[in-house]
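Morning, everyone. Please pull up the model and keep the sequence beside it.

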Amino acid sequence: MLKYTDTDIVFQEIPDEVTLAVSLSGCPCRCPGCHSKHLWGDSGEPLTEQAVDRMLDTYGGRVSCIALFGGDAAPAEVDEIAANIRRRHPRLHTAWWSGRSLLSKAVQLSNFDYIKLGPYLAHLGPLKSRRTNQRLYKVVGGTLHDITSRFWQHA
């Protein structure tokens, strides 16, 4: 079962969106230089439909997107949560930040508007670095369109 440790409203992770970021624990990627090592362990509260509804009752009017950060140990569950959000809250965009280089076959693109792929590699930098290995994609018509360069405007 997916668990979340915290939430926050963020403005830079998804271009043109006010995003409710949901941090998922149990990350198997363990990227060297990770700024979220607290997400490596199994901690937090279960991420259920009811938990998402409570989050959106609190923040829903202020956000245009909900992003799941992590969940790489259970991509099918991430996909299921995104499908439920799409069904229950159709006005919200959905995003997943994965530390994997390749998208899991358990994920249906139709459940997402944005997907970030790639482990954090300190020597290549984060998304705002032109050298980054990470990529942020916008899902358009069932196809991934790389929009990573949107982060490079101010770099």
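I will go through the sheet, then the helices, then one residue, then the empty spaces. Keep in mind that this is a predicted model.

Start with the sheet. It is open, and 8 strands build it. Read across, the order is E3-E1-E2-E4-E5-E6-E7-E8. The pairing is mixed. Which strands sit at the edges? Those are E3, residues 45-46, and E8, residues 143-146. Each of these two pairs on one side only.

Now look at the E3 end. E3 is joined to E1, residues 3-10, by 2 bridges. These two strands run antiparallel. To find the spot, take tyrosine 4: its bridge partner in E3 is glutamate 45.

Move along to E4 and E5. Here the sense is parallel, and the pair has 5 bridges. Isoleucine 66 is a good marker, with threonine 94 as its bridge partner in E5. Is E5 enclosed or open to the outside? It is largely enclosed by the rest of the structure, because 4 of its 5 residues are buried. Buried, here, means under 20% relative accessible area.

Next, the helices. H1 covers residues 49-59. It lies across four strands: E1, E2, E3 and E4. E2 is residues 19-24, and E4 is residues 65-69. Against E1, helix H1 runs at about 20°.

H2 covers residues 75-88. It lies across E2, E4 and E5, with E5 at residues 93-97. The angle between H2 and E5 is about 165°.

Stay on H2 for one residue, glutamate 77. Is glutamate 77 buried, exposed or in between? Its relative accessibility is 30%, so it counts as partly exposed. The cut-offs are under 20% for buried and over 50% for exposed. What does it touch, beyond its neighbours in sequence? Leaving out residues up to four places away, glutamate 77 touches Met1 and Leu2. There is also alanine 106 to look at. Alanine 106 is 29 residues from glutamate 77 along the chain, yet their C-alpha atoms are separated by 8.8 Å.

Now the empty spaces. Rolling a probe the size of a water molecule over the atoms shows where empty space is left. How many cavities of 30 Å³ or more turn up? The count is 1. The largest cavity holds about 40 Å³ of space. Its lining is Glu49, Val52, Asp53, Ile81, Asn84, Ile85, Arg88 and His89. H1 and H2 are the elements that give two or more residues to that lining. The largest share comes from H2, with 4 residues. By class, the cavity lining has 3 nonpolar, 2 polar and 3 charged residues.

Last, the pocket. The largest pocket has a volume of about 1,100 Å³. Its lining takes in 41 residues. Which of them lie nearest its centre? They are Glu13, His35, Phe69, Trp97 and Gln134. Among the elements, E1 and E2 are the ones that give two or more residues to this lining. E1 gives the most, with 4 residues. By class, the pocket lining has 19 nonpolar, 14 polar and 8 charged residues.

To recap: an open sheet of 8 strands, with H1 lying across E1, E2, E3 and E4 and H2 lying across E2, E4 and E5. H1 and H2 line the cavity, while E1 and E2 contribute to the pocket.

Technical notes:
Residues numbered from 1 in each chain as written. Predicted model: local features only at pLDDT ≥ 70, side-chain atom pairs only at ≥ 80, totals over all residues. Heavy atoms only, no water. Pairing = 2+ DSSP bridges. Contact = heavy atoms within 4.5 Å. Axes fitted to C-alpha atoms, helices over the stretch in contact; angles between N-to-C directions. Buried < 20%, exposed > 50% of the residue type's maximum accessible area, 1.4 Å probe, protein only. 1 Å grid on protein atoms, 1.4 Å probe; cavity = no way out; pocket = protein on both sides within 12 Å on 5 of 7 lines; lining within 4 Å. Points joined across faces, edges and corners; volume = space filled by probe spheres on them. Nonpolar A, V, L, I, M, F, W, Y, C, P; charged D, E, K, R; others polar.
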